[in-house]
Amino acid sequence: MAEGKVARAKKELNISEDAAKRLSYRSRTSHELALYLEDKGFDSELIKSTIEEFKDIGYLDDERFSRDYFRYAAAKGWAKSRAKRELKRKGVSDDVIESAYNDYLEEFGETDDRAALEIAKKMITSDMLDERGRIIEKYKARVARRLFNYGYGTSTIYAAINQALSELNAD
């Protein structure tokens with residue numbers, strides 16, 4: 001019986017070391033860490049207890065991860081819908097995502113409309129305009145594709161392009 005306890009203690013030490021090492025590179029969600037530990041061949045009960053232990057001591061916190069992810073996404077210029085989709089893919093629950101998003105909005109108040117406009121204003125230059133001050137179609141498509149890839153919706157994209165163009169022509 002003592003050998004079984006020793007073996008279990010070694011497995012617990014190994015899983016904790018592997019989990020801590022994985023988290024030392026960058027933050028991860030509980031789901032991401034669990035998948036990693038499964039891939040390493042650890043028992044599901046041991047994974048669950050390790051995840052809970054890491055949550056209890058503050059090494060894992062999906063809500064904190066999500067709030068940080070919204071900041072990261074905003075710095076990249078992504079729409080909030082893209083950030084939400086990525087968090088969902090990382091295994092974060094809808095409730096946690098919404099709570100983190102509301103915290104982000106409270107702290108920064110940045111909307112997709114304003115973020116898309118800032119990106120469009122950076123991309124659209126006067127050499128992209130024709131002699132009548134309209135944006136040449138291929139440049140408009142380039143700006144629209146970039147905003148679309150960042151996760152913005154069609155109405156937001158074209159409103160941002162039109163506003164950026166209007167502000168450029170006013171100068």
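**Exercise 1.** In this predicted model, determine in which hand H5 passes H6, and state which residues of the two helices meet.

*Solution.* The crossing of H5 over H6 is right-handed. Helix H5 spans residues 80–89 and helix H6 residues 94–108. Their axes lie 10 Å apart and form an angle of about 145 degrees. On the H5 side, the residues in contact are Lys-80, Lys-84, Leu-87 and Lys-88. Their partners in H6 are Asp-94, Ile-97, Glu-98, Tyr-101 and Tyr-104.

**Exercise 2.** Compare the expected span of helix H3 with the distance between its end C-alpha atoms, and establish how its buried residues are arranged about the axis.

*Solution.* Helix H3 comprises 13 residues, 44–56. At 1.5 Å a residue it should span 18 Å, and the end C-alpha atoms are 18 Å apart, which agrees. Next, the buried residues are Leu-46, Ile-47, Thr-50, Ile-51 and Phe-54. Viewed down the axis of H3, they fall within an arc of 135 degrees and therefore line one face of the helix. An α-helix has 3.6 residues a turn, so residues three or four places apart point the same way. Lys-48 and Asp-56, both exposed, are on the face of H3 turned away from the buried side.

**Exercise 3.** Decide whether Thr-29 is buried or exposed, and identify its surroundings.

*Solution.* Thr-29 belongs to the loop between helix H1 (2–25) and helix H2 (30–39). Its relative accessibility is 0%, so Thr-29 counts as buried. Leaving aside neighbours within four places in sequence, Thr-29 contacts Leu-60, Asp-62, Phe-65, Lys-90 and Val-92. A polar atom of the Thr-29 side chain lies 2.7 Å from the backbone oxygen of Lys-90.

Notes
Residues numbered from 1 in each chain as written. Predicted model: local features only at pLDDT ≥ 70, side-chain atom pairs only at ≥ 80, totals over all residues. Heavy atoms only, no water. Helix = DSSP H or I, 4+ residues; strand = E, 2+ residues; numbered from the N terminus. Expected span 1.5 Å × (residues − 1). Buried < 20%, exposed > 50% of the residue type's maximum accessible area, 1.4 Å probe, protein only. Arc of directions from axis to C-beta. Axes fitted to C-alpha atoms, helices over the stretch in contact; angles between N-to-C directions. Left-handed = near helix turned anticlockwise from the far one by under 90°. Contact = heavy atoms within 4.5 Å. Polar contact = N/O pair within 3.5 Å; in protein donor to acceptor, adjacent residues only side chain to side chain.
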